[in-house]
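User: Please take a close look at the sheet in this protein chain, and follow it through to whatever packs against it and to any enclosed space.

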Amino acid sequence: KLIQAVVRDITDSRKLEAERVKSAKLETAGLIAGGISHDFDRVLDEMKKNLELTYKETRDQYDNKRGGEHGGEHGERHHGEHEITSLLDQIDQALQSATKLSGLFRTISEKDFTTQTSLPLGGFIRETVQAFLEQSGARCECTFSFPPELYTVLFHPTQIARALVNLAQNALDAMDTDGELTIEAANIQLKEGEVPPLQPGPYVAVSVRDNGQGIPPEHLPKIFDPYFSTRSDYSRAGLGLGLMIAQAIVRRHKGAIKVTSEVGTGTHCRVFL
């Protein structure tokens, strides 16, 4: 009598299957986001047109009323006009936020880039992140490190800039005001199966590392899911879409994002292009 035992290492196949699931999720989300964005934009356009007409109608009505009125009444009418205009301004701001959110959905659904360039990647990353940090008023310490000769990468500047900003925003959200943000890039040679689903060969690895609170292990598999966020206040439009959008952009550049994190130590996002 013989006993036959078959031992098979399925680590690589499980990694590939996980990547296939991620790709399927991203494709489904892209289809849904594209439809939402299209319908959303039509509604927003109609609202914007009506808001413009309401602005004009309000100004015309008060201009006509002021024509035959005296000082005291004139001041009262002017105050009423100011109140209505203030309310219309708030509607306008809400429409701008909704338009921005629709743009995020459109980014997820886009499939092809019409213009790409091979700008020096190190300088481009530095300028993009520095401009974002200045605009956001972040007070964290940011360190950049790039080798003198990075591989040439063909990329869409606007899209890659959006992905970088999303990664930097996530890092800021995870840190205190005195946090440390490190942005690096390096030439690497990937081996077979090292970063599924990428093929082996030369890549530029862009690292965004923070010393924030880190991500619990049970949350790591969910970080690329739409509207998943470790924050509970949802005070920012599009919160919970940042990593998903970054992943969609990098995937369309035939690259990948790999995230490692340790609670209490920080998070390390690596973008392979």
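Analyst: The model is a predicted one, and the sheet is best placed within the chain before its details are taken up. Along the sequence the elements follow the pattern α-α-α-β-α-β-β-α-β-β, which gives five helices and five strands in the protein chain. Of the 273 residues, 38% are buried, and of the contacts between residues at least 6 apart in sequence, 74% join residues at least 24 apart.

The sheet itself is open and has five strands in the order β1-β2-β3-β5-β4, with mixed pairing. Strands β1 (141-145) and β4 (256-262) stand at its edges, and because each has a single partner strand, one side of each is left without a neighbour in the sheet. Direction ignored, neighbouring strands are turned against each other by 20° on average.

Within this arrangement, strand β2, residues 180-190, pairs with strand β3, residues 201-210, in the antiparallel sense, and ten bridges connect the two. One of the residues involved is isoleucine 188, whose bridge partner in β3 is tyrosine 203.

Two helices can be described in relation to the strands. Helix α3, which spans residues 121-136, packs on the sheet and touches β1, β2 and β3, and its direction makes about 170° with that of β1. Helix α5, residues 242-252, lies across β4 and β5 (266-272), and runs at about 140° to β4.

The enclosed space comes next. The structure holds one cavity of 30 Å³ or more, and about 80 Å³ of space lies in the largest cavity. Its lining includes Leu121, Ile125, Val206, Val250, Ile257 and Val271. By the residue ranges, Leu121 and Ile125 fall in α3, Val206 falls in β3, Val250 falls in α5, Ile257 falls in β4 and Val271 falls in β5, so that residues of the sheet and of both helices just described border this cavity. The lining also takes in Ile160, Ala163, Leu164 and Leu167, together with Leu273. Helices α3 and α4 (157-174) each supply at least two of the lining residues, and the largest share, four residues, comes from α4.

Turning from the enclosed space to the outside, the protein chain exposes about 16900 Å², of which carbon and sulfur atoms supply 52%.

Methods. Residues are numbered from 1 along each chain as its sequence is written. This is a predicted model: local features need pLDDT of at least 70, side-chain atom pairs count only at pLDDT 80 or more; totals for chains, interfaces and linings use all residues. Side-chain values use heavy atoms; hydrogens and water are left out. Buried means under 20% relative accessible area, exposed over 50%, partly exposed in between (1.4 Å probe, protein chains only). Contact means heavy atoms within 4.5 Å. Accessible areas come from the Shrake-Rupley method with a 1.4 Å probe; for residues, only the protein chains shown count as cover. Two strands pair if DSSP finds at least two bridges between them. Axes are lines fitted to C-alpha atoms, for helices over the stretch in contact, and angles run from 0 to 180 degrees between N-to-C directions. On a 1 Å grid over the protein atoms alone, a cavity is a set of points where a 1.4 Å probe fits but cannot get out, and a pocket is an open set with protein on both sides within 12 Å along at least five of seven lines; lining residues have an atom within 4 Å of a point. Grid points are joined across faces, edges and corners, and a volume is the space filled by probe spheres set on the points.
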